[in-house]
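I opened my notebook to follow one sheet and one helix contact through this structure. Here are my entries, in the order I looked things up.

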Amino acid sequence: MRYLSHSDADRREMLASIGVSSMDDLFADIPQAVTEQFRSIGRRGLSEQEVVSTLSELAARNRADEHACFVGGGVYDHYAPSLVDHVLLRSEFYSAYTPYQPEISQGTLTAMFEFQTMICELTGMDVANASMYDGATAAAEAVLMAERLTHRGRVAVAGTLFAHVRRVLDTYGWASGIEIVELPHLPSGACDLSNLPGDISALVLQSPNAFGVIEPLEGVKDRIGDALLVVSTHPISLGLLAPPGHFGADLVVGEGQPLGLPMAFGGPLLGLFASKKEYLRQMPGRVSGRTVDADGTVGYTMAAQTREQHIRRERATSNICTNSALCALAATVYLASVGAGGLRQVGELCAGKAHYLAERITALDGFEMPFSGPFFNEFVVQVPGDAVALHRRLLDAGVLLESPDGLRMHGLENALRIAVTEKRSRDQLDRLVDLLGGAR
Amino acid sequence: MRTIFDYPQHEAVGGVFPEPDVPTVDVDRMIDAALLRGDRPRIPDLSEPTVVRHYTALSKLNYGVEDGVYPLGSCTMKYNPKVHETIARLPGLANAHPLAESTTVQGTLAFLYHLSELLGGIAGLPAVSLQPVAGAHGELTGMFLFKKFFEMRGATQRRRILLPDSAHGTNPASAAVAGFSVTQIPSNDDGLIDLEALECELDETVAGVMLTVPNTLGLFESGILEVTERVHAAGGLCYFDGANLNAFLGRARPGDMGADVFHFNLHKTLSTPHGGGGPGAGPIAVSELLVEHLPVPRVERDGDTYALDWDRPESIGSVHSFYGNVLVAVRAYAYLLHLGDEGLRAVAEDAVLNANYLQARLKSSYTLPYDRLCKHEFVLSGVDIAEGISTLDVAKRLIDYGIHPPTVYFPLIVREALMIEPTETESVEELDRFADAMERIAVEAREHPELLREAPHAAPVRRLDQTLAARNPVLSYPFDERVEDGET
Amino acid sequence: MGYPVEYRYTKDHEWVSVKGNVARIGITDHAQSELGDIVFVELPSVGAAVRAGEILATVESVKAVGDVNAPIDGTVTEVNEALESSPETINASPHGDGWIAAIEVADPSAVDGLLDAAAYEAFLSEG
């Protein structure tokens, strides 16, 4: 067995030094009534070569990566510099444990500190944690945190959150007894704030939202009294767009996958969570803080641990333990690789290509954009005829769009949501237009 | 050690992204200027060699499993096979969008389906969800399942979860997040759950029990069937925390012990990398009672075709954006394919053998509160090593021997606890290296205690001031102040 | 450090000092030493009513959280705001300047049921 180190002679000697005569003696404490019911999984072990060929065959049954990908919804087909993955392949990073022994974890802790800083810079907030599981659970934890701070039992949530974020909020909200009040949208595609319910812990918005529309956040904080303003956002967009922190958001969450992570069929992802500093003690998740050692050298250590489950147990700010640390490292290295300049550049490419595509599509007969609000790299088009058939035809021609079912969940029929990243070449954009226009 | 913000900046470096190939328009003509950012985020612009050198240097400050034994109790820091890093990067698997049409991702859906079957077989339970992405997330999902189960039966007075005083902190935290209150059950003198105390608490306000098997002392609850029978008889459900599965792979199944929910930690038992804190995966296996409440979507099979099924009216909904940590799951899948039944059994055998070997060696130098054969981990106490010396000092001194310390101060029921789990990865030579170091430290504690109290001496930094970090939290780079370092 | 004889003590390591119908409460030297360097104190609100055994305040060190339970029933009249900026005062002077809160008690004789200094010290040496 490749991953074991003992010979049979080793095992015999070790058993003798323990004072037992056989391996079975070491398992005598498991009740016979349990062991006699045991059934194997009925598999012979495969060699490494066979494992690779089995997995390669499975990978080959996937065709998604052969299509031009115009699917978005929080996860995007962005380009990650090669440098990112090479850093992740250093086993000192990927095989290390959570940094509870800071003196031998300065690599992890320094990178966490850098990540927290970069997320604060992007979001315009005071403090950020070292990651949550994904953008959806980050949003759920933000709602739970707002509830801990204000005890109102109710939150107002934009109907323009991604459906998958809303699903998770619904589950966590049901379990905590928090009522979720959904707000409709305006013709612009932005959230309609004209009828805000009273007595809410938080207002949860997403910008850019599920229609791709950038929400006007100016003045929103002033309209919600002492409820918390929670904004879920797209990190690449923050290279160009004014961050929610600049509009007084209390909590900013989001999906960090676009920052150097593969799409991975949806996992692992990267939950972003940032807060105003006055709420630090209620913030969930691990944080790395700066300190000094016995010689006065600057170092980093886990800080504010008394918020966490290993100390507070049932009174912790969250039950989170394992988070998405290596993905946060990927995001840190991505941002360090592209720099503020590169981040701006990729944002401009995404926006430029998306607007070019939108313009060309809406020039086609029968194709309209139902929402007038400004967008970044994702937008919705109403299509003439049957969107399902159109979607199918595009798929057969090697172009992957999100199923129209996605927008149907938001009450839109015969509509398609289209995302554009820097990876979509002009040829791919023009081909999509041609196909939509009826070409084969 | 510098942060990435401490380097002299270059001009915008570029070179990653191409020039635009569509007609360019100024951003403020596409998007209203009021929505645009006026400042420049303080993310450094550095050349690639600078960035590479920085993160390479940072990595060398870490200790990983490839540096040596990592005897953290309850963490199962076993070797992370390299082949997993290869297969997880196969473009067909890595570059699939979660909302891609299922006809384009049949390979992924197939392995998710098959992995669920394998995990169900290991658990001895009929259905599995791969959605939870961490052990604590699995616990939370399990608690949601309990809640749904009782809600559908009109038994919402069942609001209490019972758990032993040796439970991992995530257990009560997860129960609390799900809206339950927790009642702690004491452990008896043998370190096992006190059955009488448990029986006293079983009434119709109890939703169920959360147990870790074997428990966090590394001891198997030999009365496990009695525990689960009594809980079921009282109308409750049984949650098993599977963090310690490495102790009984190939010999026993939680489903046969009475578990209604069992979570796996793929980043423990199934060798996926710990990542410095994640990402992990915490899939759950459930008994027949709870199958209909599992999160949606489920992966279903029709002949050779796989699809996502959302039609589960009694489901709790979703606990993750999509389907769980797929690229973590694929590593676990590869591991199971490689091990097969023989391998699973051999893993648990060597894991338990290694732990007992170390326990036998160390019981003469340290206090062993529960002197009996253990499973895959055991707990020592640093309580009587030497005057004025704590477990923390022992842990920090171990760093000077080039070894990662064990888990310290957990479980809470042992004072000055040192929890040691070598895993099956370690050779006799490496086990002896660890035991030799621990024995030498015990001697040093008596003869040269200052070596322990001021340890570590040989790590990249000396012992760090936790109090300063806590009193004066600096959680992001202070761009606006001048940073006074002892070194760069 | 000794335990002032005029105070009363609980098995949860709080001390109480009663003057008239106002009881001052803090944690004992033993408690502060077990907790280690104290980094944060969560004080109650003035006017809050507390019952014996309920949480009055929490004291946090780097690695632990200690609940300060109200030893007797009362209403909070004063809190030691200096602890907000200098929580370490509890370590330096747990029985004096490190007091946490004062409560007005309906029944000052309720403290008679608590441990006196000798009984508390005996309790410590058992454990």
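I began with strand 1 of chain B and found that it pairs with strand 7 (residues 284-286) of chain B in the antiparallel sense, over 3 bridges. For S129(B), I looked up the bridge partner, and I284(B) in strand 7 of chain B turned up.

Next I wanted the whole sheet, keeping in mind that this is a predicted model. I traced 7 strands of chain B in the order 1-7-6-5-4-2-3, an open sheet with mixed pairing. Strand 1 (127-129) and strand 3 (181-185) of chain B are the edge strands, each pairing on one side only. I also checked the twist: on average, neighbouring strands of this sheet are turned by 25 degrees against each other, direction ignored.

What packs on the sheet? I found helix 9 (residues 224-233) of chain B there, touching strand 4 (206-212) and strand 5 (237-241) of chain B. The direction of helix 9 makes about 165 degrees with that of strand 4 of chain B.

Then I turned to a contact between the chains. Helix 3 (residues 48-60) of chain A packs with helix 5 (residues 106-123) of chain B at about 130 degrees, and their axes are 6 Å apart. An angle between 115 and 145 degrees counts as oblique, so I noted helix 3 of chain A and helix 5 of chain B as oblique to each other. On the chain A side I listed L58(A), A59(A) and A60(A), which meet G107(B), A110(B) and F111(B) of helix 5. By class, I logged 5 nonpolar residues, 1 polar and no charged ones in this contact.

Note on methods
Residues are numbered from 1 along each chain as its sequence is written. Chains are lettered from A and ligands numbered from 1 in the order in which they are written. This is a predicted model: local features need pLDDT of at least 70, side-chain atom pairs count only at pLDDT 80 or more; totals for chains, interfaces and linings use all residues. Two strands pair if DSSP finds at least two bridges between them. Helices (H or I, at least four residues) and strands (E, at least two) are DSSP runs, numbered from the N terminus. Axes are lines fitted to C-alpha atoms, for helices over the stretch in contact, and angles run from 0 to 180 degrees between N-to-C directions. Two residues are in contact if their C-beta atoms, placed from the backbone, lie within 7 Å. Angles under 35 degrees count as roughly parallel, over 145 as roughly antiparallel, 65 to 115 as roughly perpendicular and the rest as oblique. Ala, Val, Leu, Ile, Met, Phe, Trp, Tyr, Cys and Pro count as nonpolar, Asp, Glu, Lys and Arg as charged, and the others, Gly among them, as polar.
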